[in-house]
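Today I opened a new structure and kept short notes as I went. Here is what I looked up, in the order I looked.

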Amino acid sequence: MPAFLDSVTLAAAGGGGGMGALLIQLFPFILIFIVFYFLLIRPQQQRVKKHREMVEALRRGDEVVTAGGLIGKVTRVADGELTVELAQGVRVKVVRHTISEVRARTEPSRSRRDDDDADDSDEDARS
């Protein structure tokens with residue numbers, strides 16, 4: 001019987017750790033989550049954000065690569081899809097988010113007001 005009492009006494013003495021023991025046990029899991037966040041989750045979120053911005057900025061004349069590897073020029077931009085010309089007279093509709101890369105961007109077209117201002121500055125420079 002004394003051996004039984006000794007084990008009960010040891011169990012009661014070891015159980016007094018409480019909150020400190022719980023934090024020590026959870027610390028490796030917290031550390032693993034932090035490492036996963038900075039090495040996997042955060043970079044993936046940044047790539048998704050960059051892709052979303054690239055897709056939203058597409059316009060006519062951009063040369064794009066689809067997820068299937070087709071290279072073409074954007075001829076029409078609609079809400080959720082694009083019309084891409086792959087070759088002379090060969091046009092396909094693709095879902096906007098399947099564009100994986102923009103190879104060549106077109107310059108934004110200048111508005112009529114910018115053209116008028118440029119003409120006025122040219123005339124002033126000649127005088």
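**Entry 1: a turn.** I began at the hairpin of strand 3 and strand 4, where two residues sit between the strands and Gly89 takes a positive phi near 80°. I noted that this is a predicted model. I then checked how the two strands run: strand 3 and strand 4 (residues 90-95) pair in the antiparallel sense, over six bridges.

**Entry 2: the other side of strand 3.** I looked next at strand 2 (residues 71-77), which also pairs with strand 3 in the antiparallel sense, here over four bridges. Strand 2 and strand 3 form a hairpin too, with three residues between them. I picked out one pair to look at: Lys73 has Glu85 in strand 3 as its bridge partner.

**Entry 3: Thr83.** I stayed in strand 3, which covers residues 81-87, and chose Thr83. Is Thr83 buried or exposed? I found a relative accessible area of 11%; the limit for buried is under 20%, so Thr83 counts as buried. Its bridge partner in strand 4 is Lys93. Leaving out residues up to four places away in sequence, I listed what Thr83 touches: Lys73, Val74, Thr75 and Arg76, then Arg91, Val92 and Lys93. I also reminded myself of a general point: side chains in a regular strand alternate between the two faces of the sheet.

**Entry 4: Asp62.** Next I moved to a loop. Asp62 lies between helix 2 (19-56) and strand 1 (63-66). I looked up its relative accessible area and got 0%, so Asp62 is buried. What does the side chain of Asp62 reach at 3.1 Å? I found the backbone nitrogen of Arg59 there. The Asp62 side chain also makes a polar contact with the side chain of Arg105, at 3.4 Å. Among the residues Asp62 touches, not counting those up to four places away in sequence, I wrote down Ala57, Gly72, Lys73, Val74 and Thr106. Lys73 and Val74 were already in my notes, as both are touched by Thr83.

**Entry 5: stepping back.** I finished with the whole protein. I counted three helices and five strands, and along the sequence they follow the pattern α-α-β-β-β-β-β-α. Of the 127 residues, 13% are buried. For contacts with a separation of 6 or more, I noted that 41% come from residues 24 or more positions apart. My last look was at the surface: the protein exposes about 10,200 Å², and carbon and sulfur atoms supply 59% of that.

Key
Residues are numbered from 1 along each chain as its sequence is written. This is a predicted model: local features need pLDDT of at least 70, side-chain atom pairs count only at pLDDT 80 or more; totals for chains, interfaces and linings use all residues. Side-chain values use heavy atoms; hydrogens and water are left out. Buried means under 20% relative accessible area, exposed over 50%, partly exposed in between (1.4 Å probe, protein chains only). A polar contact is a pair of N or O atoms within 3.5 Å; within protein, one must be able to donate a hydrogen and the other to accept it, and residues adjacent in sequence count only if both atoms are side-chain atoms. Contact means heavy atoms within 4.5 Å. Two strands pair if DSSP finds at least two bridges between them. Accessible areas come from the Shrake-Rupley method with a 1.4 Å probe; for residues, only the protein chains shown count as cover.
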